[in-house]
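Student: I should like to learn how to read a protein structure. Would you guide me through its features one by one?

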Amino acid sequence: MNTPDAAASEHTRGSSRITPPATGAEASILGLGAYRPRRVVSNEQLVERIDSTDQWIRTRSGIVTRRFADEDETVAAMSVAASRQALAEAGIDADQLDCVIVATVSHLLQTPSVAAQITHELGATPAAAFDVSAACAGFCYGVSLAADMVRAGSARHVLVIGVERLSDLLDLTDRSTAFIFADGAGAAIVGPSDEPGIGPVVWGSDGERFDLIRQETPWPVDPDPGEEPDPDGIKGAHVLRMEGSPVFRWASFEMAKVAQRTLEATGLTVDDLDLFVPHQANMRITDVMARALGLPPHVVIARDIAEQGNTSAASVPLALRRLVEDGSARRGDLALLIAFGAGLVYAAQVVRMP
Ligand SMILES: CC(C)(COP(=O)(O)OP(=O)(O)OC[C@H]1O[C@@H](n2cnc3c(N)ncnc32)[C@H](O)[C@@H]1OP(=O)(O)O)[C@@H](O)C(=O)NCCC(=O)NCCS
């Protein structure tokens with residue numbers, strides 16, 4: 001048996017070489033999927049509690065209806081449904097996934113990740129699995145991570161899910177949030193391709209404005225475990241609050257600059273684009289950004305918010321999927337994605353449509 005001294009004399013510290021990871025291929029989105037909850041909720045159903053009108057909501061946000069999930073439409077269940085559609089479109093099986101990334105802020109358990117549960121339910125175990133907390137920018141963060149993994153060789157196929165059940169975090173008497181936020185799931189398979197299908201990401205954060213969209217208090221810790229928790233009190237404590245006007249100004253003007261920088265980083269101009277798919281935050285924000293960018297008339301602008309509401313991390317993949325379903329997007333089209341939200345955080349990239 002080696003004594004520590006004998007072992008030390010045969011070993012030169014730090015001299016062995018680490019085998020580098022295999023380098024991968026170019027990365028593209030290979031398939032998209034969506035799940036929209038069954039329950040359609042009209043403006044009329046919400047206005048009484050917020051002293052508003054259908055007309056005000058339509059003109060100030062562009063929202064006509066939204067979807068709220070029923071009890072069985074959990075974060076995991078909606079994600080699994082969207083993912084199965086994305087897998088089918090990509091033509092791969094769940095056991096070919098190497099990693100599952102779930103972007104969400106409305107999975108109400110801090111741990112374990114919902115990504116691990118979804119991976120199991122899909123039959124993708126032992127794929128790596130983790131959640132991303134980047135609010136409405138989460139899906140674009142996930143696509144960027146996935147593309148880097150495929151290019152670096154640490155994964156071949158990555159499932160990126162954006163999913164929210166924001167109705168669980170809504171105060172339906174709050175006039176700046178009750179009519180905006182909604183539920184749903186979207187999914188994308190990112191995998192290898194001959195040509196680059198996902199351009200460079202432009203992303204960032206501005207934590208000085210962390211309090212513009214936030215949960216007002218941390219998840220409540222029951223001070224007296226002997227007492228029954230008060231369900232209304234718990235709900236009251238963790239709902240989402242938003243300072244609508246400063247968010248509106250920031251999103252409308254700062255995000256157009258991020259979109260412009262993204263085009264420059266990708267070596268494209270607005271004339272090269274076929275589709276513009278911004279986070280579905282508010283139709284007026286979309287219109288201001290489109291004008292600031294000077295989008296030519298041939299660029300199709302995603303307007304999924306009208307029927308879906310603002311679904312945070314799910315909004316970009318849901319909007320992409322609608323463009324595929326209604327025939328506005330064709331295989332090979334170039335789409336500029338940009339998403340932004342609580343943090344504040346943002347991310348944008350150009351992708352080629354599967
Ligand atoms: C929430 C939002 C629609 C409010 O629109 P707005 O034009 O900024 O509204 P303001 O808060 O400036 O209020 C304007 C007026 O409408 C009223 N108002 C506000 N909310 C209202 C509502 N739900 N119904 C009717 N009236 C409302 C205000 O009282 C105010 O009335 P006044 O002019 O008589 O004082 C808008 O700020 C917004 O979309 N912000 C960004 C949302 C977003 O993108 N969030 C997600 C980012 S991820």
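Tutor: The following conversation moves from the whole chain to single residues. Please note at the outset that this is a predicted model.

Student: Let us begin with the secondary structure. How many helices and strands does the protein chain have?

Tutor: One starts by counting the elements. The protein chain has 11 helices and 14 strands.

Student: What radius of gyration does the protein chain have, and what would a compact globule have?

Tutor: The radius is judged against what the chain length leads one to expect. For 354 residues, a compact globule would have a radius of gyration near 20 Å, and the 22 Å of the protein chain agrees with that. Along the principal axes, the C-alpha atoms fill a box of roughly 80 × 65 × 40 Å.

Student: What share of the residues is buried, and what share of the contacts joins residues 24 or more positions apart?

Tutor: Burial and contacts may be read together. Of the 354 residues in the protein chain, 52% are buried. Among contacts with a separation of 6 or more, 79% are between residues 24 or more positions apart.

Student: How much area does the protein chain expose, and how many positive and negative side chains does the protein chain have?

Tutor: For the surface, one asks about area and the atoms that supply it. The protein chain exposes about 16300 Å², of which carbon and sulfur atoms supply 51%. For charge, one counts both kinds of side chain and compares their centres. There are 30 positive and 47 negative side chains, and the centres of the two sets lie 6 Å apart.

Student: Now to the cysteines. How many disulfides are there, and why do Cys-99 and Cys-140 not form a bond?

Tutor: The test is one of distance: a disulfide needs two cysteine sulfur atoms within 2.5 Å. By this rule the count is 0 disulfides. The closest cysteine sulfur to that of Cys-99 belongs to Cys-140 and is 17 Å away, so it is too far for a bond. For Cys-140, the closest cysteine sulfur is in Cys-136, and at 11 Å this too is too far for a bond.

Student: Are Cys-99 and Cys-140 buried or exposed?

Tutor: Here the cut-off matters: a residue is buried when its relative accessible area is under 20%. Cys-99 is buried because its value is 4%. Cys-140 is likewise buried, with a relative accessibility of 0%.

Student: How does one describe the surroundings of a single residue, for example Ser-28?

Tutor: One gives its element, its burial and its contacts. Ser-28 lies in strand β1, which spans residues 26–35. At a relative accessible area of 10%, Ser-28 is buried. Beyond its neighbours within four places in sequence, the contacts of Ser-28 include Ile-189, Val-190, Glu-195 and Ile-198. Although Ser-28 and Val-351 are 323 residues apart along the chain, their C-alpha atoms are separated by 7.4 Å.

Student: Where is Ser-312 found, and what is Ser-312 in contact with?

Tutor: A loop residue is placed by the elements on either side. Ser-312 is in the loop between α10 (305–308) and α11 (315–325). Ser-312 counts as buried, at 3% relative accessibility. Apart from neighbours within four places in sequence, Ser-312 touches several residues, among them Val-105, Ala-135, Cys-136 and His-279.

Student: And where is Gly-207?

Tutor: Gly-207 belongs to the loop between β8 (202–205) and β9 (213–215). Its relative accessible area of 45% makes Gly-207 partly exposed. Gly-207 and Val-300 are 93 residues apart in sequence, and their C-alpha atoms are 32 Å apart in space.

Student: Let us turn to the backbone. Which residues does a cis peptide bond join?

Tutor: The angle to read is omega. Thr-111 and Pro-112 are joined by a cis peptide bond with omega about 0°, and Pro-112 is in the loop between β4 (99–103) and α5 (114–122). The peptide bond from Thr-125 to Pro-126 is also cis, with omega near 15°. Pro-126 is found in the loop between α5 and β5 (128–132).

Student: Which residues other than glycine have a positive phi?

Tutor: Phi is another backbone angle to inspect. Asp-51 has a positive phi of about 50° and is not a glycine. Asp-51 sits in the loop between α2 (44–50) and α3 (54–61) and is exposed, at 62% relative accessibility. Ala-135 also has a positive phi, near 45°. Ala-135 lies in the loop between β5 and α6 (138–152) and is buried, with a relative accessible area of 8%.

Methods:
Residues are numbered from 1 along each chain as its sequence is written. This is a predicted model: local features need pLDDT of at least 70, side-chain atom pairs count only at pLDDT 80 or more; totals for chains, interfaces and linings use all residues. Side-chain values use heavy atoms; hydrogens and water are left out. Buried means under 20% relative accessible area, exposed over 50%, partly exposed in between (1.4 Å probe, protein chains only). Helices (H or I, at least four residues) and strands (E, at least two) are DSSP runs, numbered from the N terminus. The radius of gyration is taken over C-alpha atoms; the globule rule is 2.2 Å times the number of residues to the power 0.38. Contact means heavy atoms within 4.5 Å. Accessible areas come from the Shrake-Rupley method with a 1.4 Å probe; for residues, only the protein chains shown count as cover. Lys and Arg count as positive and Asp and Glu as negative; His and the chain ends are not counted. The place of a charge is taken as NZ of Lys, CZ of Arg, CG of Asp or CD of Glu.
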